[in-house]
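Please walk through the model below with attention to its charged side chains, its rings and its backbone.

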Amino acid sequence: MSIKNFNPQKNSKFLQGFFDKYNPVKYYGERPIIYRSSWELKFMRLCEFNPEVEKWTSEGIKIPYVMRELVKGKYVEKRHNYYPDFLVHLKNGKKILIEVKPLNQSPKSETQIIRDPVHYKNARKWKAALAWAKLNGYEFRIINETHLKTKIF
């Protein structure tokens, strides 16, 4: 996502804005740092204040993925880009690629993926993220609202 095009929506059902209370030694990447939901904001705070986190960034990489779309009555494979929410490096050497997403947007079955466009899109993005993570020595995690209430790292 482009930071240049970000404009926090006052009428959005999600809290959006700029995260400006960060440690410049811990955070790397483009600034300003954007949060697109209260859960992303909470996760940013967890990264900042967790002593296990060595460094982190938000939307720091672009992962290409392909998904089927209906175009002029035919299904075609179209390329898209996925910008995962966070990359986190822990002091123990572990590297984690993280997506913060509501539990209800995480597919739990093939049927959900086939029938629901949101679940289908997320499944395609996350399949690409898993491949990227494996290739680059990262673990891929999807963090939902229940995880934010527990110890994540």
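In this predicted model, Lys78 is partly exposed, because its relative accessible area is 35%. The side chain of Lys78 meets that of Glu69 in a salt bridge, with N and O 4.0 Å apart. Side chains of opposite charge can pair when their charged atoms come close. The count of such salt bridges comes to six. Some of them share partners: Lys94, Glu139 and Arg141 are joined into one network in this way.

Another salt bridge runs between Asp20 and Lys21, whose closest N and O atoms are 3.9 Å apart. Asp20 and Lys21 are both exposed. The bridge between Lys101 and Glu99 has its closest N and O atoms at 3.5 Å, and here Lys101 and Glu99 are both buried.

Glu99 can be followed further. Glu99 sits in strand 7, which covers residues 95-100. Why does Glu99 count as buried? Glu99 has a relative accessibility of 3%, and buried means under 20%, so Glu99 falls in that class. Setting aside residues up to four places away in sequence, Glu99 touches Tyr82, Tyr83, Pro84, Asp85, Trp126, Phe140, Arg141, Ile142 and Ile143. One of these, Asp85, has its backbone nitrogen 3.3 Å from a polar atom of the Glu99 side chain. Arg141, also in contact with Glu99, belongs to the network with Lys94 and Glu139. As for Lys127, its C-alpha is 12 Å from that of Glu99, and the two residues are 28 apart in sequence.

A second glutamate to look at is Glu48, found in helix 1, residues 38-49. Which side chain of opposite charge is nearest to Glu48, and how far away is it? The nearest is that of Lys26, at 5.9 Å; Glu48 is buried and has no salt bridge. A salt bridge needs a nitrogen and a carboxyl oxygen within 4 Å, so a distance of 5.9 Å does not qualify. Beyond its neighbours within four places in sequence, Glu48 is in contact with Phe19, Lys21, Tyr22, Asn23, Lys26, Tyr27 and Trp56.

Several of the residues in contact with Glu48, including Phe19 and Trp56, return among the aromatic rings. A pair of aromatic rings is described by the distance of the centres and the angle of the planes. How many aromatic pairs does a search of the whole structure find? The search finds seven. Phe43 and Phe86 form one that is tilted, with 4.7 Å from centre to centre and 40° between the planes. This pair links distant parts of the chain: Phe43 is in helix 1 and Phe86 is in strand 6 (residues 86-90), 43 residues apart. Phe43 and Phe86 are both buried. Ring pairs also link these two with Phe19, Tyr22, Tyr27, Trp56 and Phe153 into a cluster.

Rings also appear beneath charged side chains. Lys55 lies over the face of Tyr28, at 5.1 Å from the ring centre. Arg68 lies over the face of Tyr75, at 5.6 Å from the ring centre.

The backbone has some points of its own. The peptide bond leading from Arg31 to Pro32 is cis, with omega near 0°. Pro32 is placed in the loop between strand 1 (17-19) and strand 2 (33-35). The loop between strand 2 and helix 1 holds Ser37. Ser37 is buried, because its relative accessible area is 11%. Apart from neighbours within four places in sequence, Ser37 is in contact with Phe14 and Leu15.

Positive phi values occur in two loop residues other than glycine, Glu59 and Lys72. Phi of Glu59 is near 45°, and Glu59 lies in the loop between strand 3 (53-58) and strand 4 (63-71). Phi of Lys72 is about 50°, and Lys72 lies in the loop between strand 4 and strand 5 (74-82). Are these residues buried or exposed? Glu59 is buried, because its relative accessible area is 16%. Lys72 is exposed, because its relative accessible area is 84%.

Methods. Residues are numbered from 1 along each chain as its sequence is written. This is a predicted model: local features need pLDDT of at least 70, side-chain atom pairs count only at pLDDT 80 or more; totals for chains, interfaces and linings use all residues. Side-chain values use heavy atoms; hydrogens and water are left out. Helices (H or I, at least four residues) and strands (E, at least two) are DSSP runs, numbered from the N terminus. Buried means under 20% relative accessible area, exposed over 50%, partly exposed in between (1.4 Å probe, protein chains only). Lys and Arg count as positive and Asp and Glu as negative; His and the chain ends are not counted. Contact means heavy atoms within 4.5 Å. A polar contact is a pair of N or O atoms within 3.5 Å; within protein, one must be able to donate a hydrogen and the other to accept it, and residues adjacent in sequence count only if both atoms are side-chain atoms. Rings of Phe, Tyr and Trp (its six-membered ring) pair if their centres lie within 6.5 Å; planes under 30 degrees apart count as stacked, over 60 as edge-to-face and the rest as tilted. A charge sits over a ring if NZ of Lys or CZ of Arg is within 6 Å of the ring centre and within 35 degrees of the ring normal.
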